[in-house]
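Reader: Please take me through a close look at a single part of this model, the surroundings of an annotated position, and then connect that part to the rest of the chain. I would like the reasoning behind each description to be spelled out.

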Amino acid sequence: MSLGEQWRSARPKVAGLHLDSAACSRQSFAVIDATTQHARHEAEVGGYVAVDAAAPVLDAGRAAVAALTGLAADHVVFTTGANHALDLLLSSWPGERTLACLPGEYGPNLAIMAANGFAVRALPVDGDGRLDVDAAARQLVADPPAVVHLTALASHRGLAQPLAGLADVCRTLGVPLVVDAAQALGHLDCAVRPAAVYGSSRKWLAGPRGVGVLAVHPDLVQRLRPRLPPPEWNLPLAVTQLLEHGEANVAARVGFSVAVGEHLAAGPEQVRARLAEVGRCTREVLSDVTGWRVVEALDEPTAITTLAPTEGADPQKVRAWLIAHRAVVTTYAEVQRAPFEMTTPVLRVSPHVDATSDELAQFAEALAAATADV
């Protein structure tokens, strides 16, 4: 059985066509069962007793995240999502608050940076929006910020950034690198041991919604100053304990831990290779659909494909039509996702490893029909 067939057989039958893994993947039976069983256990023995019993599963989840990031399991913190993780980190940042990031940085990330008092400057990119590592190195030498932030794979475009190259530069210069891996965990190789990396459960790792993760290098952990509780209270708690909220949806964290374990069991390299193959097939099939331009290069090693309208189609209306008439789920990506780079909304297509050529052809036909109808 192929990886795609295994992935599909481990999940409920999809109602229609799901091409929206960059927003929210489909959970497996095992993840759903683990989440449900923990919720039932809370009802049987009490929530606080149940969380103690779940400690081995949660520890395994932290260890799995550590394996994907190159960081230590005891410095992995569960959060409610990627935005929450970034806010926890930046609100705890010590000293100077200057930050360098891509011009195409995710809009909500920029809002969190601003809310935490960070002055943002742009890193150099090429014409496609991909980081120019050599130019970035020169810029960072000349004017080093307090932190470099890289969204390894954007929300609005399936462009894989040179994460390993930038990690090497930042390590050599002694500049902390923070990685937004919301789209990259379970999709690209993120084991570069940065100063910090954060991500989401619900995307390519196919865990429950409402869970995120933040992993921090030991050197940075010692410097962080969490806002709550007030530092002057001098509570005898580790920084990671201060960052991780105790009042949480533990059942979802359990499900996420199972999902990350499933990803490791499937083989991260095999998953990455299959996702790259799916992305290439998607772009090949969609390259001839009238009224749309495929943004990514054919061989971009991701499964995210963005379609820019060329003849006035409204991506939001097209998405709604596809759901209403064909039960096909995609994403409408508005300009606010990357306010300093995007000029028009796009339609995003993000199938997982189980996508078939017949389904992609079915989507191309549906997209053509939607474009003509709306």
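Author: UniProt positions are given in the numbering used here, and such annotations may be inferred rather than shown by experiment. With that in mind, the unreviewed UniProt entry lists residues 19–361 under "domain: Aminotransferase class V". The coordinates belong to a predicted model, and over residues 19–361 the chain is 41% helix and 14% strand, with the end C-alpha atoms 12 Å apart.

The annotated position to examine is Lys203, which the unreviewed UniProt entry covers with "modified residue: N6-(pyridoxal phosphate)lysine". In the model, lysine 203 sits in the loop that runs between strand S7 (196–200) and strand S8 (212–216). Its relative accessible area is 10%, and because a residue under 20% is classed as buried, lysine 203 counts as buried. If residues up to four places away in sequence are set aside, lysine 203 touches Ser21, Ala22, Ala23 and Ser25, and it also touches Ala182 and Gln183.

The loop between S7 and S8 also holds alanine 206, which has a positive phi of about 60 degrees although it is not a glycine. That value deserves attention because most residues other than glycine have a negative phi. Alanine 206, at 1% relative accessibility, is likewise buried. A second residue of this kind is arginine 193, where phi is positive at about 50 degrees and the residue is again not a glycine. Arginine 193 lies in the loop between strand S6 (177–180) and S7, and its relative accessibility of 45% makes it partly exposed.

Between these two loops runs strand S7, which includes glycine 199. With a relative accessible area of 0%, glycine 199 is buried, and beyond its neighbours within four places in sequence it is in contact with Gly81, Ala82, Ala181, Ala182, Leu185, Gly212 and Val213. Ala182 therefore appears in the contacts of lysine 203 and in those of glycine 199, under a contact limit of heavy atoms within 4.5 Å. By way of contrast in position, the C-alpha atoms of glycine 199 and valine 141 are separated by 28 Å, although the two residues are 58 apart along the chain.

Strands S7 and S8 can next be followed to helix H4 (residues 55–69), which has 15 residues and reaches 21 Å from its first C-alpha to its last, close to the 21 Å expected at 1.5 Å a residue. The buried residues of H4 are Leu58, Gly61, Arg62, Ala64, Val65, Ala66, Leu68 and Thr69, and they pack against helix H3 (47–53), S2, S7, S8, H11 and helix H12 (268–286). After H4 comes glycine 70, whose phi is positive, near 85 degrees.

Two of the partners of H4, S2 and H11, lead on to the aromatic residues. The structure holds two aromatic pairs. In one of them, the rings of phenylalanine 78 and phenylalanine 256 have centres 6.2 Å apart and planes at 80 degrees, so this pair is edge-to-face. The pair joins distant parts of the chain, since phenylalanine 78 belongs to strand S2 (residues 76–79) and phenylalanine 256 to helix H11 (residues 250–266), 178 residues apart. Phenylalanine 78 is buried at a relative accessible area of 1%, and phenylalanine 256 is buried at 0%.

Tryptophan 93 and phenylalanine 118 form an aromatic pair that is also edge-to-face, with 6.5 Å centre to centre and 70 degrees between the planes. Here tryptophan 93 lies in the loop between helix H5 (82–91) and strand S3 (98–101), while phenylalanine 118 lies in the loop between helix H6 (107–115) and strand S4 (119–122), 25 residues apart. Tryptophan 93 counts as buried at 4% relative accessibility, and phenylalanine 118 is buried with a relative accessible area of 6%.

To close the account of aromatic rings, arginine 11 lies over the face of tryptophan 7, at 3.6 Å from the ring centre.

Technical notes:
Residues are numbered from 1 along each chain as its sequence is written. This is a predicted model: local features need pLDDT of at least 70, side-chain atom pairs count only at pLDDT 80 or more; totals for chains, interfaces and linings use all residues. Side-chain values use heavy atoms; hydrogens and water are left out. Helices (H or I, at least four residues) and strands (E, at least two) are DSSP runs, numbered from the N terminus. Buried means under 20% relative accessible area, exposed over 50%, partly exposed in between (1.4 Å probe, protein chains only). Rings of Phe, Tyr and Trp (its six-membered ring) pair if their centres lie within 6.5 Å; planes under 30 degrees apart count as stacked, over 60 as edge-to-face and the rest as tilted. A charge sits over a ring if NZ of Lys or CZ of Arg is within 6 Å of the ring centre and within 35 degrees of the ring normal. The expected span of a helix is 1.5 Å times one less than its number of residues.
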